Amino acid sequence: NVLEKEDYDPQKDAVMRFGVFVEELHRWIIDVHNASADSRNTRIPNCHWQKSEDVLPPPTLSESDEKKFRVIMGLFDKRTLTSQGIKYKHLMYDNVALEHYRKQYPLSRDSKMKTIKIVPDDLSRIFVFLDEMDGYIEVPCKYDPLGYTNKLSLCEHIRTVKVHRDFIKGQVDSLSLAKARQALHERIKLEHENIRQMSLPQRSK
């Protein structure tokens with residue numbers, strides 16, 4: 001109840017992050033609740049589910065259906081298609097099919113904006129919707145010789161980018177940068193004053 005929170009501050013007083021809570025909630029549902037007998041001791045959810053599955057097995061997905069399912073369940077986004085491909089979260093995606101598409105259908109200001117779907121558990125490829133083909137095509141990550149994106153989750157990639165940025169910031173010598181910028185400013189100011197005192201023939205030298 002929001003009214004019962006009083007002085008509770010989730011950022012200071014929380015005992016776990018929300019993402020961890022969701023993971024452990026799933027664990028409790030699957031490994032505890034569904035494996036325990038109900039209050040009347042008449043059935044166990046897992047056993048009941050297994051009996052139902054034996055009577056009416058769920059349909060299996062074909063490889064093509066599984067691919068369609070991944071696209072449908074993927075994260076939706078809009079990105080610009082350029083001559084280099086599509087950039088998402090500092091990763092570039094392109095392939096021969098997308099290159100041929102660019103050659104066949106010249107991009108306008110409106111048509112270069114494309115709908116993409118991202119599989120959050122695997123950034124090794126994205127799915128790009130092409131209006132002319134009325135469907136998605138799979139586009140792998142470009143420039144990935146070390147296999148960085150193989151089974152790379154979106155969450156892990158965002159954390160990696162943040163760590164990299166923090167590292168770069170830590171390597172920057174702020175004092176040296178300030179001195180360099182100041183010297184540059186003084187040089188431009190001095191040059192401007194010198195030019196004002198020169199004649200036109202002198203300025204052309």
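**Group meeting: two loops, a core and a surface patch**

Lys89 sits in the loop between strand 2 and strand 3. I start there because of its backbone: Lys89 is not a glycine, yet its phi is positive, at about 50 degrees. Please keep in mind that this is a predicted model. As for exposure, Lys89 counts as partly exposed, at 35% relative accessibility.

There is another residue to put beside it. Asp134, also a residue other than glycine, has a positive phi near 55 degrees. Asp134 is placed in the loop between strand 5 and strand 6. Is Asp134 buried or exposed? With a relative accessible area of 63%, Asp134 is exposed.

Now to the inside. The largest nonpolar core has 18 residues. Which residues have the most contacts inside it? They are Tyr93, Ile116, Leu123, Ile126, Val128 and Val139. Several elements each supply at least two residues of this core: strand 2 (85-88), strand 3 (91-93), helix 5 (96-104), strand 4 (113-118), strand 5 (125-130) and strand 6 (135-140). Strand 5 gives the most, with three residues. As background, nonpolar side chains in soluble globular proteins tend to be buried together.

Take Val139 from that list. Setting aside residues up to four places away in sequence, Val139 touches Tyr93, Ile126 and Val128, and also Asp94, Asn95, Leu98 and Arg125. Tyr93, Ile126 and Val128 are themselves among the residues with the most contacts inside the core.

Next, helix 5, where Arg102 is found. Arg102 has a relative accessible area of 15%, so it is classed as buried, the cut-off being under 20%. What does the side chain of Arg102 have for polar company? One of its polar atoms lies 3.2 Å from the backbone oxygen of Ser83. Leaving aside neighbours within four places in sequence, Arg102 is in contact with Leu81, Thr82, Ser83, Gly85, Asp94 and Leu107. Asp94 appears here and also in the contact list of Val139.

Last, the surface. Phe18, Phe21, Leu25, Trp28, Ile29, Ile30 and Val32 make a nonpolar surface patch of about 680 Å². Phe21 will do as an example from this patch. Phe21 is placed in helix 2, which covers residues 18-33. Phe21 has a relative accessible area of 40%, so it counts as partly exposed.

That is my list: the loop residues Lys89 and Asp134, the core of 18 residues, buried Arg102, and the nonpolar patch that includes Phe21.

Note on methods:
Residues numbered from 1 in each chain as written. Predicted model: local features only at pLDDT ≥ 70, side-chain atom pairs only at ≥ 80, totals over all residues. Heavy atoms only, no water. Patch = residues over 30% accessible without salt bridge, like charges linked within 9 Å, V, L, I, M, F, W, Y side chains within 5 Å. Areas by Shrake-Rupley, 256 points an atom, 1.4 Å probe, with all protein chains shown as cover. Salt bridge = Lys/Arg side-chain N within 4 Å of Asp/Glu carboxyl O. Helix = DSSP H or I, 4+ residues; strand = E, 2+ residues; numbered from the N terminus. Buried < 20%, exposed > 50% of the residue type's maximum accessible area, 1.4 Å probe, protein only. Core = buried A, V, L, I, M, F, W, Y, C linked by side-chain atoms within 4.5 Å. Contact = heavy atoms within 4.5 Å. Polar contact = N/O pair within 3.5 Å; in protein donor to acceptor, adjacent residues only side chain to side chain.
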